[in-house]
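Reader: I would like a close look at one part of this model, the place where the ligand sits. Please take me through what surrounds it, then turn to the salt bridges.

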Amino acid sequence: MNYAQIADAYEKIEATPKRLEMTDLLVELLKNTPVNLIGKVVYLTQGKLYPDFEGIEMGIAEKLAIKALARVSGSRESEIEEDLKKSGDIGETAQAFIAKKKQSTFFQKALTVQRVYELLDKMAKTSGSGAVDSKMALLSGLLSDASPKEAKYILRTVTGSLRLGIADMTVLDALAIAYGGGKETREFIERAYNISSDLGKVANIVAEKGLEGIKKYKVEVFEPIRPMLAERLASPEEILDKLGGKCVAEYKYDGERIQLHKKGNEVVLFSRRLEKISNQYPDAIELVKKCVNAEEAILEGECVAMDLETGEMRPFQELMHRRRKYGIEQAMVQYPVSLFMFDALFVDGEDLTREPYLVRRKALEQVIVKSDKIILAKNVKVGNVKQLEEFFEEAIEDGCEGLMCKAIGKESVYQAGARGWQWIKYKRDYKSEMTDTVDLVVVGAFHGRGKRAGAYGALLLATYNKEKDTFETVTKCGTGFTDKDLAIFPEMLQRHEIPRKHSRVQSTFEADVWFEPAVVLEILGAEITLSPIHLCAMDSIRKGSGLAIRFPRFTGKYRTDKAAEDATTSMEIVEMYRGQLKKIGES
Ligand code: ATP
C-alpha cells in the first residue's frame, strides 16, 4: 500500500466537519488497507506509532523539520520560516516548498506505508549522541521521495501536529462497519479497547479474526485497562437515591491513581492517563512484590504521600517531587508514600471486571498481605443519610477529600473507560459556596507588572469541549500563585509556547503568550456566571453568552496526571451552573 493513499484519505477527512462522513471515509481507508497493515494505519491516523501507554513519541522539533525541508527543497531556512509565519502550519509550508522543487526533479521512488512507518519508528527510537543528525538524515530521506501532499502529512505527523480530529470512538465505529459486520457490533470492539487501551492491536484482531475473534479478547497483564470514572452529586440524599438506598461508602484518598500490573516478580505501574510511572515509585514496586499474594494481578489504588512521623496523609502536590529523572532515591526518603487499594480487576487468570463490586473487593482483600504501607481503602456499608454523613465527617477528619460511594448491585461491574453512576463522588467542596474545584487547561498567559514583572501576571484558562474537540476560555486567573509557582510556570509552560493562538483554542482574548493545550491546573472559583467574553459552552444557557468562573484561585494542585482532554468539560460547567442556580433558588 502506498502512503499516497493515506494522504488522499487524510485530505478528504480534513475537509469534512461531519463525524458521520469522517467515519465513512475512515471505513473506506480501512477496507482498502491490507490486513497486516491495519494496526499501523490506525496508529498513523491518530498521529501515533504505538498505543499511548508505550510512551513512544515522534519527537521531531519544528526547527529540525525546517532544516530537513530546506535541505530537500534546496531553499533557505529563512525563506521557509518566513512562509511558516504566514501559514502557521508546517504541513502547508512543506507542501508548497516540495511542490516548487518537484518541478525540477524527475525521479522519485513511491513511498509505501510500510517504509514510512519504519522510518518514523526509527526516528522515534533514535536517542543519545548524534541523534539529531540521524533524525535529520532519516527525515530528509523520507521527504526526498515524498510528493508535496505526502510531505505535508509526514511533517505534520513527525512534529505532532497531525490533527485530523479522529477520536477513538470514530475509529471504533469505523472498525465495526469495516470488519465487525455493522455499527451495532461496536460494543464488542469497544470492550476489547477498554481492556487493552490499544486501538491498533484491536484493529488488527478484528480485521484478521472478525467479530468472533474480538469477542474472545481477554484482559492481559501489562496491558492497562481504561479506568472506571465516577459521577458527582452534591448531597447524600441524592447519592443514596441514585444508588437504590444503599451503597458502600469508601474513603476518597487524595493522591495519584495507580493501576498496578504484576506477573511473577515483574511489576508495572500505570497512571490515571495510563502512562508507565514505575520509575517514580521504586518503593511502591517493592511493596507490591512483597505484599500482593498472587502470581498475576491487576489492582487499583491511590498512592498517597505520607508523613511517617505522624502517620498523616500529606497533600497530593508532594507527589510532584517524584516526577524526576534523577535523585529518585532521595525523593523516596523525603516524600514517602503509602498505597490505599480500592479495586481488583484481574487475579491469577480470572478477569474480575465483569464481577460486581463486592466480589472484586473480596478478591482484593484476599490478595493483599496487609502492612502499614499497603492498606485497603477504608469503607463501610451505609443505608441512610445519617450514616453517610457520619462517615463523610470521619473521612474528612482523617485527611481525605470525601467519599466514593459505590453501588453494590448486580450491575456494579467495573465499567472500564466509562464515567457512570456506579461510583459517585461526594467531596467537601460541595458543601462550600462554590460547587467544586475544576481542572482547567492553560491556553495563554499575560505578562505581569509591578511585583510580578518578568513573570506571568495571569493565565488564560479553558475547559474542554468534548463534542467539538476544542478548548474554550472560561476564566483568567492570577490568584493563588506562590513565588514557587511563579518560578515553576515558565519552566512548565515554555515547552508548549506557540507563536499564535492554537487552532483548537476558542478565545476572544488576545493573550501575550499562547500555549498549546497541555498543562492542567486545579482551580477553585466563587461562582459561575454568564459571560459575553468567555466562550465556554457558548449559547448553551443563553444565546450570545458563554460561561465564566468568577474569582478563580489556583489551589496549588498541578494536575500533571491529566491530559488536556481530561480537563473539566464545558458541559460539566453547564451542569455546575444549573446546579448552582437550583441551590440559590432553594435558599
Ligand atoms: P476523574 O478521575 O473522575 O476524572 P478527578 O481526577 O478530578 O476526576 P476526583 O474527582 O477527585 O478526580 O475523583 C476520582 C479519583 O478519586 C479517582 O480517579 C481515584 O484516583 C481517586 N480515588 C481515591 N480514593 C478512591 C476510592 N476509594 N475509589 C475510587 N477512586 C478513588
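Author: A residue counts as near the ligand if one of its heavy atoms lies within 4 Å of it. Keep in mind that this is a predicted model. With that cut-off, 19 residues surround the ligand. The closest are Lys252, Arg272, Glu302, Arg419 and Lys425.

Sort that shell by class. It has 13 charged residues and 6 nonpolar ones. Polar residues are absent from it.

Now look at single contacts. Lys252 places a polar side-chain atom 2.6 Å from an oxygen atom of the ligand. Arg257 also uses a polar side-chain atom, and that atom lies 3.0 Å from a ligand oxygen. Tyr251 works through its backbone: one of its backbone N or O atoms lies 3.0 Å from a nitrogen atom of the ligand. How much of the ligand does the protein bury? Taken alone, the ligand exposes 610 Å², and the protein buries 94% of that.

Which elements give two or more residues to the shell? They are strand E2 (247-252), strand E11 (402-406) and strand E12 (419-427). E12 gives the largest share, 4 residues. Step back to the domains. Domain 1 (229-427) and domain 2 (438-586) both give residues to the shell, so the ligand lies between them.

Next, the salt bridges. The structure holds 40 of them. Take Arg186 and Asp173, whose side chains meet at 3.1 Å, N to O. Arg186 lies in helix H11 and Asp173 in helix H10, so the pair ties together parts that are 13 residues apart in sequence. Asp173 has 6% relative accessibility, so it counts as buried.

A second pair is Arg323 and Glu256, with the closest N and O atoms 3.2 Å apart. This pair links distant parts of the chain, 67 residues apart. Arg323 is in the loop between strand E6 and helix H15, and Glu256 is in strand E3. Are the two partners buried or exposed? Glu256 is buried at 3% relative accessibility. Arg323, at 29%, is partly exposed.

A third pair joins Asp469 and Arg504, with the closest N and O atoms 2.7 Å apart. Both residues lie in loops, and the pair ties together parts 35 residues apart in sequence. Asp469 is partly exposed at 25%, whereas Arg504 is buried at 15%.

Salt bridges can also share partners. Here they join Lys252, Asp254, Glu401, Glu522 and Lys557 into one network. That brings us back to the ligand, as Lys252 is among the closest residues to it.

Note on methods
Residues numbered from 1 in each chain as written. Predicted model: local features only at pLDDT ≥ 70, side-chain atom pairs only at ≥ 80, totals over all residues. Heavy atoms only, no water. Polar contact = N/O pair within 3.5 Å; in protein donor to acceptor, adjacent residues only side chain to side chain. Areas by Shrake-Rupley, 256 points an atom, 1.4 Å probe, with all protein chains shown as cover. Nonpolar A, V, L, I, M, F, W, Y, C, P; charged D, E, K, R; others polar. Domains from an automatic or database assignment. Salt bridge = Lys/Arg side-chain N within 4 Å of Asp/Glu carboxyl O. Buried < 20%, exposed > 50% of the residue type's maximum accessible area, 1.4 Å probe, protein only.
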